[in-house]
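Here is a short note to help you find your way around this structure. Please keep the sequence and the 3D view open as you read the points below.

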Amino acid sequence: MNEPRKVTGNKRKWIVLAIVTLLAGGIISYFASPHPDGLERVAEDHGFIDKAESPSWTAWIADYEVPGIGVPLLKVGVAGLIGAGLLFLVLYSITGSLSRRVRGKDDVGQNDDHAS
């Protein structure tokens, strides 16, 4: 018989952190400061802020809003979720490759079947 999988303390911690991250990226990001950050301030001071209104290859989500969505909370929230998801993928790939490297070094000589 199949027993239901148990959620361990470590797994529960990661689930809670994922939920908090998604809430922060999807909802709380809407209430972030409307004042320009350092880069926007420089762009305003030098007169090229209007070039940042459309997406480009370096700024996929201009002004932290997904274009084409009419509801302000949704367009900012979706942008936050996309950012959180991309950050997760980058960090997961980095930590995954690091853990494989460390695990590989620790496993050297562990399964040698020949006599020494």
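1. Let us begin with the outer face. Helices α1 (9-26) and α3 (72-106) each contribute two or more residues to a nonpolar patch. That patch covers about 950 Å² of the surface and is built from I15, I19, L23, I27, I28, Y30, F31, V71, L73 and L74. The biggest contribution comes from α1, with 3 residues; I19, one of the patch residues, sits in this helix. Do bear in mind that you are looking at a predicted model.

2. Now for the overall layout. The protein chain has 3 helices and 0 strands, and its elements run α-α-α along the sequence. Of the 116 residues in the chain, 10% are buried.

3. How many salt bridges does a search of the whole structure find? The count is 2, and the next two points take them in turn.

4. One salt bridge joins R41 to D45, with 3.3 Å between the closest N and O atoms. Where do the two partners sit? Both belong to helix α2 (residues 38-46), and because they are 4 residues apart there, about one helical turn separates them. As for their surroundings, R41 is partly exposed, at 47% relative accessibility, while D45 is exposed, with a relative accessible area of 54%. The cut-off for "exposed" is over 50%, so D45 at 54% falls in that class and R41 at 47% is counted as partly exposed.

5. The side chains of K75 and E65 form a salt bridge too, at 3.9 Å from N to O. This pair links distant parts of the chain: K75 belongs to helix α3, E65 lies in the loop between α2 and α3, and the two are 10 residues apart. With a relative accessible area of 31%, E65 is partly exposed.

6. Please also take a look at the second largest pocket, which holds about 410 Å³ of space. Its lining has 13 residues, and those closest to the pocket's centre are W14, L17, A18, T21 and F88. Helices α1 and α3 are the elements that give two or more residues to this lining.

7. Which element supplies the largest share of the lining of the second largest pocket? It is α3, with 8 residues. In character, the lining of this pocket comprises 10 nonpolar residues, 3 polar ones and no charged ones.

8. A last pointer for your own viewing: α1 and α3 are worth following through the model. Each supplies at least two residues of the nonpolar patch, and both give two or more residues to the lining of the second largest pocket. Helix α2, for its part, holds the R41 and D45 pair.

Key: Residues are numbered from 1 along each chain as its sequence is written. This is a predicted model: local features need pLDDT of at least 70, side-chain atom pairs count only at pLDDT 80 or more; totals for chains, interfaces and linings use all residues. Side-chain values use heavy atoms; hydrogens and water are left out. Patches are made of residues with over 30% relative accessible area and no salt bridge: like charges are joined within 9 Å, nonpolar side chains (Val, Leu, Ile, Met, Phe, Trp, Tyr) within 5 Å. Accessible areas come from the Shrake-Rupley method with a 1.4 Å probe; for residues, only the protein chains shown count as cover. A salt bridge is a side-chain nitrogen of Lys or Arg within 4 Å of a carboxyl oxygen of Asp or Glu. Buried means under 20% relative accessible area, exposed over 50%, partly exposed in between (1.4 Å probe, protein chains only). On a 1 Å grid over the protein atoms alone, a cavity is a set of points where a 1.4 Å probe fits but cannot get out, and a pocket is an open set with protein on both sides within 12 Å along at least five of seven lines; lining residues have an atom within 4 Å of a point. Grid points are joined across faces, edges and corners, and a volume is the space filled by probe spheres set on the points. Ala, Val, Leu, Ile, Met, Phe, Trp, Tyr, Cys and Pro count as nonpolar, Asp, Glu, Lys and Arg as charged, and the others, Gly among them, as polar.
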